[in-house]
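Dear colleague,

I am passing on the structure we spoke of, and I would be glad if you could look it over before reading on. My notes on what was found in it follow below.

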Amino acid sequence: MSYSPDARQLSSLKAILFLLCLLPLGRLLWAAYTDDFGPNPVEFVQRWTGTWSFNLLLITLSITPLRAMTEWHWLIRLRRMLGLFCFFYATLHFLAFIGFDHAFDLNDIARDIAKRPFVTVGFAAFVLLVPLAATSTQWAIRRLGGRQWQQLHRNIYLISILACVHYFWLVKATALLWPLAYSVAVALLLGWRVRERRRKAIPVPRNETVTPVRFYKQKPD
């Protein structure tokens, strides 16, 4: 069943979504206020922000297939907010890493990025997120042009794969259930896109009974 909210309802939905996306941050602030980070506060903050970065990445990727299946075309107007919140929590995750683990020492950060593969992959994913967040405005779309903007934002597919690799390399071999679950979700979302691109790329079948138009340099006899 098709549903199309009016402008006022859509504004209300955006406000509700905005507040929902702030809940993970609220949990962090509450933990800081009550000193409820558990036995390892640094690990708690890094895991929490990393998990919610990935959650919001998956939700952002889900908008297009959900829109196609429900014909709720207005969902596309929520995608930018979700993507920016994904970048927001990824930034917190990165700041927690360089702040808690390395005290913002650039040389130490660079050595760690080069030394540990899971850090290298996570850093690469974050770097790829930066231009996506920076070009999320209408001005950027007009400046880049629709096709170039779309090509740039397709990097979200590579980011999602890098996030899976980062997650797998981060956890111990005895705790692979969640990385596997996230990877399956990414595989399903990307697989749906591949199937849709192939379906739309199928050429129009030729009708063998139709005679092609012929052009003559001179009028035939």
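In what follows, helices and strands are DSSP runs, a helix having at least four residues and a strand at least two, and they are numbered from the N terminus. Please keep in mind throughout that this is a predicted model.

With that definition in hand, the protein chain reads along its sequence as α-α-α-α-α-α-α-α-α, which comes to 9 helices and 0 strands. The chain is more spread out than a compact globule, because its radius of gyration is 23 Å, well over the 17 Å that the globule rule gives for 221 residues. Taken along the principal axes, the box that the C-alpha atoms fill is roughly 95 × 45 × 40 Å.

As to the interior and the contacts, 33% of the 221 residues are buried, and among contacts with a separation of 6 or more, 66% are between residues 24 or more positions apart. The area that the protein chain exposes is about 15,400 Å², with carbon and sulfur atoms supplying 64% of it.

One place on the surface may be worth finding in the view: Ile-16, Leu-20 and Leu-23 make a nonpolar surface patch of about 300 Å². Leu-20, one of these residues, belongs to helix 1, which covers residues 7–34. Is Leu-20 buried, partly exposed or exposed? Its relative accessibility is 47%, so Leu-20 counts as partly exposed, given that buried means under 20% and exposed over 50%.

With kind regards

Definitions and conventions. Residues are numbered from 1 along each chain as its sequence is written. This is a predicted model: local features need pLDDT of at least 70, side-chain atom pairs count only at pLDDT 80 or more; totals for chains, interfaces and linings use all residues. Side-chain values use heavy atoms; hydrogens and water are left out. Patches are made of residues with over 30% relative accessible area and no salt bridge: like charges are joined within 9 Å, nonpolar side chains (Val, Leu, Ile, Met, Phe, Trp, Tyr) within 5 Å. Accessible areas come from the Shrake-Rupley method with a 1.4 Å probe; for residues, only the protein chains shown count as cover. A salt bridge is a side-chain nitrogen of Lys or Arg within 4 Å of a carboxyl oxygen of Asp or Glu. Buried means under 20% relative accessible area, exposed over 50%, partly exposed in between (1.4 Å probe, protein chains only). The radius of gyration is taken over C-alpha atoms; the globule rule is 2.2 Å times the number of residues to the power 0.38. Contact means heavy atoms within 4.5 Å.
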